[in-house]
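Got the viewer open? Let's take a walk through this model, one selection at a time.

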Amino acid sequence: MHKTNKANWQELSMQALLSAGNEAELFAVLSKTAEELGFEYCAYGMRMPLPLSNPKTVLLNNYSRAWQERYSSQNYLAIDPTVSHGMSSVLPLVWSDDLFTSSRQFWEDARAHGLRVGWAQSSFDAKGVAGMLTLARSDDDLSAAEISANSLRMSWLAQAAHESLSRLIAKRSNEQPVVLTAREIDVLRWTADGKTSADVGQIMSISERTVNFHVNNAVEKLGAANKTAAVIKAALLRLL
């Protein structure tokens with residue numbers, strides 16, 4: 001990548017991401033930036049926390065059609081260790097033989113399709129939305145020097161991509177964020193710990209009726225069927 005001032009690079013990249021009017025335009029910026037960083041392939045996956053039975057996902061990539069079809073037909077998503085890592089950690093991950101020890105066939109298949117070197121990092125937001133940026137190429141191992149030189153740019157890009165795609169999705173769905181009061185959050189937290197309304201009332205020095213009032217308000221705001229569902233949804237949305 002050409003040497004440029006980091007702040008200037010981030011400003012130009014952010015302007016390009018913010019000007020994207022749809023997912024295709026956004027991905028065009030991501031893939032171009034990935035190329036500038038020395039990667040021929042780029043992928044971004046975003047997973048919403050709800051609905052629980054079938055979470056909404058957005059998958060953008062420029063992998064070969066053959067690899068996309070292979071990945072889907074073999075259900076590699078279920079055994080992809082980069083995905084497993086990304087769902088539990090925001091630390092950057094460099095592909096390695098050790099990483100794919102438990103999924104050798106998947107690793108060999110990926111390499112056969114030109115995916116031999118890669119880096120990935122996930123991000124989560126306050127709404128519980130998870131996203132992961134993957135940068136990959138067919139050759140030239142990632143050296144310590146390259147990682148040191150570009151790690152901040154790549155990590156910044158992962159977060160910027162998340163924020164930009166979230167903006168587009170929110171704009172398209174026209175959904176309003178759920179906002180709970182401090183009291184509603186408190187009663188749901190205690191409820192999550194298995195406390196009854198009477199218990200919560202004693203702990204918070206308020207009446208049981210007041211506890212139920214706050215619980216009912218939270219249930220309504222969250223569009224949940226009952227207080228148990230409200231606790232689960234609030235937790236998934238990272239409101240607790």
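Start by selecting Glu184: it is buried, with a relative accessible area of 3%. (Buried means under 20% relative accessible area, exposed means over 50%, and partly exposed is in between, using a 1.4 Å probe and protein chains only.) A quick note before moving on: this is a predicted model, where local features need pLDDT of at least 70, side-chain atom pairs count only at pLDDT 80 or more, and totals for chains, interfaces and linings use all residues. Residues are numbered from 1 along each chain as its sequence is written, and side-chain values use heavy atoms, with hydrogens and water left out.

Now add Lys221 to your selection. Lys221 and Glu184 form a salt bridge, with their closest N and O atoms 2.9 Å apart. (That term means a side-chain nitrogen of Lys or Arg within 4 Å of a carboxyl oxygen of Asp or Glu.) Lys221 sits in helix 9 (residues 208–222) and Glu184 in helix 7 (residues 182–192), so this pair ties together parts 37 residues apart in sequence. (Helices here are DSSP runs of H or I with at least four residues, and strands are runs of E with at least two, numbered from the N terminus.) Unlike buried Glu184, Lys221 is partly exposed, at 38%.

How many salt bridges does a search of the whole structure find? Five. For another, select Arg70 and Asp109, whose side chains meet at 2.5 Å, N to O. This pair links distant parts of the chain, with Arg70 in helix 3 (residues 65–73) and Asp109 in helix 5 (residues 104–112), 39 residues apart. Arg70 is partly exposed, with a relative accessible area of 29%, while Asp109 is buried at 8%.

Next, try Arg137 and Glu146, a salt bridge at 2.8 Å, N to O. Are these two buried or exposed? Arg137 is buried at 6%, and Glu146 is buried at 18%.

Time for some rings: a search of the whole structure finds 11 aromatic pairs. (Rings of Phe, Tyr and Trp, using the six-membered ring of Trp, pair if their centres lie within 6.5 Å; planes under 30 degrees apart count as stacked, over 60 as edge-to-face and the rest as tilted.) Select Trp95 and Phe100 to see an edge-to-face pair, 6.2 Å centre to centre with 90° between the planes. Then add Phe106, which makes a tilted pair with Phe100 at 5.8 Å and 50°. Phe100 is buried at 1%, and Phe106 is buried at 4%. For the last stop, select Trp67, Tyr71, Tyr76, Trp95, Phe100, Phe106 and Trp107 together: they form one aromatic cluster.
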